[in-house]
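The exercises below ask you to read burial, strand pairing and helix packing from a model, and each is followed by a solution in steps. Please try each task on the structure before reading on.

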Amino acid sequence: MVEREANVRRRTVRILVVLLALLSIVTTASAETVLRSRLNSDIASTDPGMKRDENTDAVLLHVVEGLVASREDGTVAPMLASGWTVTPDGLTYRFTLRQGVRFHNGAPLTPADVVWSLQRYLAPDSHWRCKSEFGPHGIARVLAVQAAGADGVTVTLDRPAPMFLRILARSDCGGTGILHPSSVDAGGHWIAPVGTGPFRFSQWRRNQFIDLLRFPGYRSLPGARDGNGGGKHALVDRLHFEVIPDGSSATAALLRDSLDILDNLAPNELGGLMGRTDIRFSIAPTMDLYALLFQTRDPVLSDPRIRQAIALSLDVRALTRVATHGTATPNSSFIPAASPYFSAAVQPVIRQDLARARALVRESGYRGAPVELLTNRRYPQAFDSAIIIQAMAREIGLRMEIVTLDWATQLARYAHGDYQAMVFLYSSRLDPALILDSLLGDKKADPRRVWDDPEAISLLEQSMSVDDREARQHIFDALDRQFREDVPAVVLFNTSRIAAMRARVSGYQGWAGGLQRLWDVDPGRRIDP
């Protein structure tokens, strides 16, 4: 009897142990923290700065880091480099690497990894977004990338290039993220990014979601986050980027609590969210540009009087208010209103002058030929702007016919210079020279360029060859004056980056660079896996 009772007690204890173990597993699993955010389209690849778009940049900058990074104000900050020196002739940069940094596979960051990464970006068969900046027609050619002792790397250029560090830090260059060689296979074919960022790559289910996991071995810089630099802290176990192209579906997901953050909200999607106590917003001015582009080699638009007339037909402030539901800043300069270079000289917005516009149309001899105006519905501000531009141009006797394309087709037409006029978006660039570099250049060499003026090209080159703040401001002011006279395009407005989020979310903050940053963000709840 006693032995039977002892056996029962032992079985009971074993059962309790098993139950406690199961409870521990369930508790641990349910303790996972997940931050769920929306992408309006799938990423293009997992290879930073190669096959890319804005969403690709945003996701991968959580995974990889470069030697330097962009601050909130567009200046350059240390990241994987603790510092750097430049030789007196401006040709050689020596970067000192931070100590204690490890890749997601546990390997320490070494000069050899930096050399391998930079050489891969610059390889002849590379598709790196910024490789042309270091080619024959770029800011400088890279002559050598070499290890310098146990903690240093040197990069030697063929001529001084004050823009060198700004190029390395660019988001659309993938931040020139330093990768471990295990990111590729033995044949050099891409596998997945093995970086040093606060999150490591986990899973990509195409057109559905991307998951990133917290990297326990991450070594944050001190201080607060600052642009893509500063301190970075992974406050969740997993980042979940949900691909939801349709705005209404994304809004519904946020309202039913299937998303924590709805980033890059279109202004016309605000209506269903305003006034709710369970939703709050982050609205940050960006350095993007919405502009009306002209093909200056078109038979009609090659006449500067027609381009000037269209510009004078526009009530830019009213257009901005209507097309963006009052969320954007009207601006007629290629220098964004949020830029430190937005001086008093470039601030005036074009004033509508219908009488002068009609006179210019008459002087040009315009005979009523329709001007095809391309736009898209992916960005509602672009479509609405086109409708308003068409109506305002009609007031001066100029016919515009709107053609609505899918975004990919419009991009292809833009890349080949195959248009008369189009409403187009340039994503944020944190330095005016980088913005101008997207607008200005030789159309024969690159049909994407809308402004092909030798004097302006020379001034742009000067802005890239000096580092003095005041001297650069004078150059940009002069370029702005010439841009307004030549009218290769009409800048319309700079948008705000709008993010809606559940009220419990803390730490999310937009910035002028535009891309969402999910480090230092707490969802305020735990998610059962």
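A residue is called buried when its relative accessible area is under 20%, and exposed when that area is over 50%. The model is a predicted one, and every value used below was computed from it.

**Exercise 1. Decide whether leucine 212 is buried or exposed, and list what is in contact with it.**

Step 1. Locate the residue: leucine 212 belongs to strand β9, which covers residues 209-214.

Step 2. Apply the cut-off: because its relative accessible area is 0%, leucine 212 counts as buried.

Step 3. Collect the contacts, leaving aside neighbours within four places in sequence: leucine 212 is in contact with Val59, His62 and Val63, with Phe199, Arg200, Phe201 and Ser202, and with Asp237, Arg238, Leu239 and Phe241.

Step 4. Compare with a residue elsewhere in the chain: glycine 74 is 138 residues apart from leucine 212 along the chain, and the two C-alpha atoms are separated by 27 Å.

**Exercise 2. Work out which strands stand at the edges of the four-stranded sheet that contains β7, and describe the surroundings of threonine 154.**

Step 1. Write down the strand order: this open sheet runs β4-β5-β7-β6, and its pairing is antiparallel.

Step 2. Find the edges: β4 (81-86) and β6 (142-148) each have a single partner strand, so one side of each is left without a neighbour in the sheet.

Step 3. Consider the twist: ignoring direction, neighbouring strands of this sheet are turned by 20 degrees against each other on average.

Step 4. Examine one pair: β4 and β5 (residues 92-97) are joined in the antiparallel sense over five bridges, and glycine 83 stands opposite threonine 96 of β5.

Step 5. Turn to threonine 154, which is found in β7 (residues 152-157); since its relative accessible area is 15%, threonine 154 is buried. Not counting residues up to four places away in sequence, threonine 154 touches Thr92, Tyr93, Arg94, Ala144, Val145, Gln146 and Ala148.

Step 6. Add the helix: α3 (residues 111-122) lies across β5, β6 and β7, and runs at about 165 degrees to β6.

**Exercise 3. Classify the packing of α6 with α8 and of α7 with α9 from their angles.**

Step 1. For the α6 and α8 pair, take the geometry: α6 (residues 304-313) and α8 (residues 354-364) pack at an angle of about 160 degrees, with their axes 8 Å apart. Angles over 145 degrees count as roughly antiparallel, which makes α6 roughly antiparallel to α8. The crossing of this pair is left-handed, and the residues of the contact divide into seven nonpolar, three polar and three charged.

Step 2. For the α7 and α9 pair, the axes of α7 (residues 316-323) and α9 (residues 380-394) come within 9 Å and cross at roughly 140 degrees, which makes α7 oblique to α9. The crossing of α7 and α9 is right-handed.

Step 3. Name the residues that meet: Leu319, Val322 and Ala323 of α7 face Gln381, Asp384, Ser385, Ile388 and Ile389 of α9, and by class this contact has five nonpolar, two polar and one charged residues.

**Exercise 4. Trace the six-stranded sheet and place α9 and α11 relative to its strands.**

Step 1. Read the order: the open sheet is arranged as β16-β20-β15-β19-β17-β18, with mixed pairing. The edge strands, β16 (329-330) and β18 (400-405), each pair on one side only.

Step 2. Follow an inner pair: β15 (residues 289-294) and β19 (residues 421-426) run antiparallel and are joined by six bridges, and leucine 289 has tyrosine 426 in β19 as its bridge partner.

Step 3. Place α9: this helix packs on the sheet, touching β15, β17 (371-376), β18, β19 and β20 (489-494), and its direction makes about 170 degrees with that of β18.

Step 4. Place α11 (residues 432-439), a mostly covered helix in which eight of its eight residues are buried. The buried residues of α11 pack against β15 and β19, and also against α4 (164-169), α10 (407-415), α12 (454-465) and α13 (469-486).

Key: Residues numbered from 1 in each chain as written. Predicted model: local features only at pLDDT ≥ 70, side-chain atom pairs only at ≥ 80, totals over all residues. Heavy atoms only, no water. Helix = DSSP H or I, 4+ residues; strand = E, 2+ residues; numbered from the N terminus. Buried < 20%, exposed > 50% of the residue type's maximum accessible area, 1.4 Å probe, protein only. Contact = heavy atoms within 4.5 Å. Axes fitted to C-alpha atoms, helices over the stretch in contact; angles between N-to-C directions. Parallel < 35°, antiparallel > 145°, perpendicular 65-115°, else oblique. Left-handed = near helix turned anticlockwise from the far one by under 90°. Nonpolar A, V, L, I, M, F, W, Y, C, P; charged D, E, K, R; others polar. Pairing = 2+ DSSP bridges.
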